[in-house]
Amino acid sequence: MTNQVAKITVLSGDYIGPEIMKAGLAVLKAVSQDQFHYQIDEHPFGGAGIDQFGVPLPDETLSSAKQSDAVLLAAIGGPKWDDAPNRPEKGLLQIRQELNLFANIRPTSIRAAMQRYSPIKQVEPVNFVIVRELTSGIYFGKPREIDDTHAIDTMRYTVEEIRRVARVAFEMAMKRKRHVTMVDKANVLATSNLWRRVVAEVAADFPEVHYDTSYVDAAAMKIISAPEQFDVILTENMFGDILSDEAAEITGSLGTIPSMSRGTDGPALYEPIHGSAPDIAGKGIANPLSMINSVAMMLAHTFDRSDLADQISQSVDAVIDSGTVTPDLGGNATTNQVTNAIIQQIYERRHNYVENDVR
Ligand code: NAD
């Protein structure tokens with residue numbers, strides 16, 4: 001992206017969505033100064049899309065997303081639209097399908113600054129990612145039916161669906177600790193056996209990556225008992241849905257976790273893993289770190305600016321260490337106070353860096 005203007009579609013969504021998006025964009029602006037040039041295109045999505053255009057994913061929103069380099073989403077949904085014929089969450093499924101976002105990537109990280117929030121007493125730091133297949137499997141398979149006496153769901157995977165998400169996991173591992181664990185239920189499920197065959201073939205293309213497998217029940221236990229042994233967990237849609245929430249729980253800080261969904265080409269979508277938190281909307285106390293960390297993830301992955309992402313992460317850690325945190329992390333700071341403290345850290349770090357450089 002050197003010398004180009006990055007195009008970012010911004011979807012603030014509902015309830016706390018706009019509050020945390022404002023924080024994320026303020027941090028993006030602060031870290032970008034003269035270093036990263038971008039243009040924002042903001043559109044309604046979710047409940048906001050229903051209110052303005054009658055549908056959760058209006059045409060203009062989708063068209064902007066398709067033409068962008070990256071999409072930043074805050075959170076959507078909430079009680080206002082619970083009885084709507086077309087619910088806000090439907091927009092999420094639509095945008096994933098339209099942008100072909102077949103891989104969902106969720107980091108689980110317990111850095112020193114965050115260790116005290118984990119319900120697990122950790123000795124070693126935890127840092128792994130879950131790569132979850134997002135657009136197939138039992139949530140989409142047909143037939144799907146229910147009557148008074150029986151119900152059917154169908155778990156179906158094709159070789160190509162498995163191969164493309166496996167490649168994402170191995171490519172990610174190459175930039176990390178070079179270890180992929182594929183999680184399945186190959187002692188019971190036919191689909192898991194297909195996953196084993198296809199993923200072993202992909203693994204052969206990445207000889208530098210250590211590849212192993214784990215049954216999902218064993219993996220669920222290891223995420224609690226020995227999370228430090230994971231680097232990249234690769235898994236199908238439903239197992240990933242469950243394990244990624246378990247992994248979020250061991251950090252003890254739902255309001256801090258970002259995620260990325262991507263396809264092969266086209267824009268990736270970055271968003272916090274939590275919902276729109278209607279219970280705290282409008283109070284000015286939403287934790288902005290999940291959105292700010294999503295901005296950092298976007299800079300690192302879509303725009304290859306790990307330098308700027310690191311500046312954000314270091315500033316976030318310093319602010320957490322200083323105790324300036326929102327009530328969900330046991331503090332009494334507001335969204336604005338946390339955001340301003342991070343921006344201040346970014347400026348101070350840059351100033352110190354420039355001074356040291358001059359000397
Ligand atoms: P939620 O994640 O919105 O909230 C769960 C709890 O976590 C609440 O107590 C909330 O206050 C707290 N919380 C979440 N994010 C926080 C933050 N940044 N700072 C401080 N506290 C935070 O889950 P929910 O209440 O079950 O769902 C609310 C709505 O969000 C529903 O309509 C749901 O469908 C929707 N939802 C949307 C997404 C998405 O946009 N991707 C994801 C999940 C749920």
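The ligand in this predicted model is surrounded by 20 residues, and the closest of them are Glu89, Gly275, Ala277, Asp279 and Asn287. Sorted by class, that shell holds nine nonpolar, seven polar and four charged residues. Here's a quick tour of the ligand's polar contacts, followed by two helix pairs.

**Polar contacts to the ligand**

- Gly275, one of the closest residues, has a polar backbone atom 2.7 Å from an oxygen atom of the ligand.
- Ile76 also uses its backbone: one of its backbone N or O atoms sits 2.9 Å from a ligand oxygen.
- With His274 it's the side chain that does the job, putting a polar atom 3.1 Å from a nitrogen atom of the ligand.
- As for cover, the ligand on its own has 810 Å² of accessible area, and the protein covers 68% of that.

**Helices α7 and α8**

- Helix α7 spans residues 216-225 and helix α8 spans residues 237-251; their axes come within 9 Å and cross at roughly 15°.
- Angles under 35 degrees count as roughly parallel, so that's the label for α7 and α8.
- The handedness of the α7 and α8 crossing is right-handed.

**Helices α9 and α10**

- Helix α9 (residues 289-301) packs against helix α10 (residues 306-321) with the axes 7 Å apart and an angle of about 155°.
- That angle makes α9 and α10 roughly antiparallel, since the cut-off for that label is over 145 degrees.
- For α9 and α10, the crossing is left-handed.

Note on methods: Residues are numbered from 1 along each chain as its sequence is written. This is a predicted model: local features need pLDDT of at least 70, side-chain atom pairs count only at pLDDT 80 or more; totals for chains, interfaces and linings use all residues. Side-chain values use heavy atoms; hydrogens and water are left out. A residue is near a molecule or strand if one of its heavy atoms lies within 4 Å of it. A polar contact is a pair of N or O atoms within 3.5 Å; within protein, one must be able to donate a hydrogen and the other to accept it, and residues adjacent in sequence count only if both atoms are side-chain atoms. Accessible areas come from the Shrake-Rupley method with a 1.4 Å probe; for residues, only the protein chains shown count as cover. Ala, Val, Leu, Ile, Met, Phe, Trp, Tyr, Cys and Pro count as nonpolar, Asp, Glu, Lys and Arg as charged, and the others, Gly among them, as polar. Axes are lines fitted to C-alpha atoms, for helices over the stretch in contact, and angles run from 0 to 180 degrees between N-to-C directions. Helices (H or I, at least four residues) and strands (E, at least two) are DSSP runs, numbered from the N terminus. Angles under 35 degrees count as roughly parallel, over 145 as roughly antiparallel, 65 to 115 as roughly perpendicular and the rest as oblique. A crossing is left-handed if the near helix is turned anticlockwise from the far one by less than a right angle, and right-handed if clockwise.
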